[in-house]
Amino acid sequence: MKLPDYEGGFSTHNLYHATLSAGTPHRHFSSGLVMAQVEGNLRPSPVYTLSALWSVTSFFALQAELFTGAPVDGTVILPGIQLMGRWLDFNLFYPLGRLERDFFASPIPLASLSFKISR
């Protein structure tokens with residue numbers, strides 16, 4: 001996240017995230033906002049988020065996330081896929097967007113592995 005008036009070094013950063021979702025576990029849409037707190041000071045503007053997931057089969061889903069707002073100074077889109085198992089989920093995203101008036105597309109995907117605690 002871009003913090004224009006922050007000089008760097010060791011500090012405390014907190015993120016507060018609120019989300020509202022609608023749909024089923026297999027097809028849903030979520031929207032939310034994120035507020036950042038740096039060294040005890042709450043940033044004046046939030047980052048807005050949108051996300052969607054569409055299960056194509058019982059083990060494969062298409063998903064996308066979008067982040068926009070003044071703290072990121074642009075828009076980031078994360079289109080991706082999700083492979084769903086009984087106890088594990090694997091996600092693969094390709095970040096792209098516009099930050100500080102420059103377009104970017106990452107050649108390296110972001111990946112995550114999720115463990116399900118209860119079924």
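**Surface patch, salt bridge and pocket in a predicted model**

In this predicted model, Leu-88 is placed in strand 7, and this residue counts as partly exposed, because its relative accessibility of 38% lies between the limits of 20% for buried and 50% for exposed residues. Leu-88 belongs to a nonpolar patch on the surface, which is formed together with Leu-83, Trp-87, Phe-90, Leu-113 and Phe-115 and which has about 600 Å² of accessible area in total. Two strands, namely strand 7 (residues 88-93) and strand 10 (residues 110-115), each supply at least two residues of this nonpolar patch.

Another member of the patch, Trp-87, is found in the loop between strand 6 (residues 74-84) and strand 7. Trp-87 has a relative accessible area of 43% and is therefore classed as partly exposed. Although Trp-87 and Ser-118 are 31 residues apart along the chain, their C-alpha atoms are separated by 8.4 Å.

Strand 7 also takes part in a charged pairing, since Asp-89 lies in this strand. Side chains of opposite charge can pair when their charged atoms come close. The structure holds one salt bridge, in which the side chains of Lys-116 and Asp-89 meet at a distance of 3.2 Å from N to O. Lys-116 lies in the segment after strand 10, whereas Asp-89 lies in strand 7, so the pair ties together parts that are 27 residues apart in sequence. The two partners fall into separate accessibility classes: Lys-116, at 24% relative accessibility, counts as partly exposed, while Asp-89, at 11%, counts as buried because this value is under 20%.

Away from the charged pair, attention may be turned to the largest pocket, which has a volume of about 420 Å³. This pocket is lined by 22 residues, and those that lie nearest its centre are Val-47, Thr-49, Phe-67, Val-72 and Val-76. At least two residues of the lining are supplied by each of strand 1 (residues 13-23), strand 2, strand 4 (residues 47-55), strand 5 (residues 60-69) and strand 6.

Strand 2, which spans residues 27-38, also contains Gln-37. Gln-37 is buried, because its relative accessible area of 16% is under the 20% limit. The side chain of Gln-37 is joined to that of Tyr-16 by a polar contact of 2.4 Å.

Notes:
Residues numbered from 1 in each chain as written. Predicted model: local features only at pLDDT ≥ 70, side-chain atom pairs only at ≥ 80, totals over all residues. Heavy atoms only, no water. Helix = DSSP H or I, 4+ residues; strand = E, 2+ residues; numbered from the N terminus. Buried < 20%, exposed > 50% of the residue type's maximum accessible area, 1.4 Å probe, protein only. Polar contact = N/O pair within 3.5 Å; in protein donor to acceptor, adjacent residues only side chain to side chain. Patch = residues over 30% accessible without salt bridge, like charges linked within 9 Å, V, L, I, M, F, W, Y side chains within 5 Å. Areas by Shrake-Rupley, 256 points an atom, 1.4 Å probe, with all protein chains shown as cover. Salt bridge = Lys/Arg side-chain N within 4 Å of Asp/Glu carboxyl O. 1 Å grid on protein atoms, 1.4 Å probe; cavity = no way out; pocket = protein on both sides within 12 Å on 5 of 7 lines; lining within 4 Å. Points joined across faces, edges and corners; volume = space filled by probe spheres on them.
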